[in-house]
Structure formats: structure tokens, C-alpha cells
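Open the model in a viewer and keep the sequence panel visible. The stops below each begin with a selection and then say what is found there.

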Amino acid sequence: MPREGYQEKLEALREDVLYMSEVVLERLRMGLDALETKDEDLAWEVIDGDDEVNQLYLDLEQDCIDLLALQQPVASDLRFIAASFKIITDLERIADLATNLGEYTHEAERDLYPDVDIQEIGTLVIEMVEASMDAYDEEDPDACLAISEQDDTIDERCEAASSTIVRDLIEREVDDETGEAEIEQLMADVSRLLLTVRDLERVGDHAVNIAARTLYMVENDDELIY
């Protein structure tokens, strides 16, 4: 393949990875909106849209394989293709977590803990993913390191939220008049909320993974990978 065509394929890969990130982020926003508003139609849209993300992943995976097998890239090009392959894997997993939010929407009966701001945590992790993809696009190593530091804040918010939920459950008064069905529903709602917090924390972890692969791609630096 002429050098010009090879470089065009590399640039097309970058653009397609960025496009996949836009689709995934939109699914994540929709999942959070569905959870907040109890919008079951929107939740189904998120769940049904997972097939599109999976197909994007498979198409980009094949593109990466073709570039590796047919072009035998070296040095920076090899790191770029390898990083792109790892990043689309993280994006696909974020989409799976967005699908979880859609499923939780169908299970949600009520808001139990007004002090736990799921939307705030969701906004923070979305900003992390956006920043990590900007770092990938702009090949910005400083931004990669900043994203890793920001993850500590997400972990603290999620730990505090989980502690609030568990503490409230322990302190909640349950008397003889509380029916078995009500107790089961309470436990289901608590479990759903804990899973929501956990999933958002995992989105933040995937954002760090994207930053780590980008840093390695740009500077051959594996500091954030291990």
C-alpha cells in the first residue's frame, strides 16, 4: 500500500475511535437521564442501542487487526494501533455499564437516598471519559496524568455514597408491621443503588485506562498501566 494510503487508514482509525466514544458517551448520558426520570422508553433505547456499539467495536477491532497484519507498523504507529485497540475495548465496556443503567431504571421503584447524588457522580465520570478521549485525540500526556489524579476524587465520592447507603439501611427502623414484600423491595432498591455507584466508579476506571494507553502511545510511558 502506498505510504499516503497507509497514513489515511491510521487517521481514519483515529476518527472512528473518536466517533465510537461519542456514541458511547451519548448512551451513558441517556442511561443516567433514564434513571433520574424513570423513563422506561429511554431505558429501552439505551439497552437496544448496545448492539450498535458492539458492531462498532467489532468493525474497529478488524481494522486494527488488518493494520497490524498487513502493514506491519513499527514504533509510534504500532503503539497507536495497539492503544486504539485497547481503548475501543474500554469504550465497549463503558457502553455495557450504560446498559446496566437502563436495566436498573426498569427495576427502580423509588428514590431512597436524596443525599446520594448519582447524577453528580455520573457527570464527573462523563467528564473524565471526555477528557481521556480529548487526550487521545490531541496526544496530550499531561492531560493523561491529570485524569489519573481525578480518579481519586471519583473513588472518594463513590465510597462516601456507598457508606451513606449502607449506614442508612442499618439505621432504618423495621417493625412488626413492615411486610415481607416491603422489606424485599427495600433490599432490591438498596442493591440497585449500590450497583449504580459501583458501575459509575468502573466508568471512571475505564477513563483512566484510556488515559494510560494514550500516555503509552504518545511517550512510550507505561506509568499508568501498572
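Select Asp 199 first; this residue sits in helix H7 of a model that is predicted. Is Asp 199 buried or exposed? Its relative accessibility is 1%, so Asp 199 counts as buried. Now display its surroundings: setting aside residues up to four places away in sequence, Asp 199 touches Leu 97, Asn 100 and Tyr 104. For Leu 97, a distance label between C-alpha atoms should read 6.0 Å, although Leu 97 and Asp 199 are 102 residues apart along the chain.

Stay on helix H7, which covers residues 180–219, and move to Ile 210. Ile 210 has 0% relative accessibility and therefore counts as buried. Which residues does Ile 210 contact, leaving aside neighbours within four places in sequence? They are Ile 87, Asp 90, Leu 91, Ser 132 and Met 133. Pick Met 133 from that group and label the C-alpha to C-alpha distance: Ile 210 and Met 133 are 7.4 Å apart in space and 77 residues apart in sequence.

Next, select Thr 99, in helix H4, which spans residues 75–107. With a relative accessibility of 8%, Thr 99 counts as buried, because the cut-off for that class is under 20%. Beyond its neighbours within four places in sequence, Thr 99 is in contact with Val 46, Ile 47 and Asp 50.

**Salt bridges**

Turn now to the charged side chains. How many salt bridges does a search of the whole structure find? The search returns 8. Three pairs and one network are visited here.

Show Glu 52 and Arg 27 as sticks. Their side chains meet in a salt bridge, with an N to O distance of 2.5 Å. Glu 52 belongs to helix H3 and Arg 27 to helix H1, so this pair ties together parts that are 25 residues apart in sequence. Colouring by accessibility separates the two partners: Glu 52, at 36%, counts as partly exposed, while Arg 27, at 12%, counts as buried.

Select Glu 130 and Arg 29 next. Glu 130 forms a salt bridge with Arg 29, and the closest N and O atoms are 2.6 Å apart. This pair links distant parts of the chain, with Glu 130 in helix H5 and Arg 29 in helix H1, 101 residues apart. Glu 130 is partly exposed at a relative accessible area of 30%, and Arg 29 counts as partly exposed at 29%.

The third pair is Glu 120 and Arg 157, whose side chains meet in a salt bridge at 3.0 Å, N to O. Glu 120 lies in helix H5 and Arg 157 in helix H6 (residues 141–171), so to label both ends, select positions 37 residues apart. Glu 120 counts as partly exposed at 39% relative accessibility; Arg 157 counts as partly exposed at 34%.

Finish this section with Glu 11, Arg 14 and Glu 139, which are linked in a network of salt bridges.

**Negative patch**

Switch to a surface representation and colour by charge. Select Glu 15, Asp 16, Glu 22, Asp 59, Asp 63, Asp 66, Asp 134, Asp 137 and Glu 138, which form a negative surface patch. Which helices each supply at least two residues of the patch? They are helix H1 (3–37), helix H3 (50–71) and helix H5 (118–138). Within the patch, centre on Glu 22, a residue of helix H1. Its relative accessibility is 51%, so Glu 22 counts as exposed.

**Whole chain**

Zoom out and return to a cartoon. The chain contains 7 helices and 0 strands, and its pattern along the sequence reads α-α-α-α-α-α-α. Along its principal axes, the C-alpha trace spans about 80 × 35 × 20 Å.

Of the 226 residues, 44% count as buried. The exposed area of the chain is about 11,800 Å², with carbon and sulfur atoms supplying 44% of it. Among contacts between residues at least 6 apart in sequence, 86% join residues at least 24 apart.

As a last selection, take the charged side chains as two sets. There are 17 positive and 63 negative side chains, and the centres of these sets lie 3 Å apart.

Conventions: Residues are numbered from 1 along each chain as its sequence is written. This is a predicted model: local features need pLDDT of at least 70, side-chain atom pairs count only at pLDDT 80 or more; totals for chains, interfaces and linings use all residues. Side-chain values use heavy atoms; hydrogens and water are left out. Helices (H or I, at least four residues) and strands (E, at least two) are DSSP runs, numbered from the N terminus. Buried means under 20% relative accessible area, exposed over 50%, partly exposed in between (1.4 Å probe, protein chains only). Contact means heavy atoms within 4.5 Å. Patches are made of residues with over 30% relative accessible area and no salt bridge: like charges are joined within 9 Å, nonpolar side chains (Val, Leu, Ile, Met, Phe, Trp, Tyr) within 5 Å. Accessible areas come from the Shrake-Rupley method with a 1.4 Å probe; for residues, only the protein chains shown count as cover. A salt bridge is a side-chain nitrogen of Lys or Arg within 4 Å of a carboxyl oxygen of Asp or Glu. Lys and Arg count as positive and Asp and Glu as negative; His and the chain ends are not counted. The place of a charge is taken as NZ of Lys, CZ of Arg, CG of Asp or CD of Glu.
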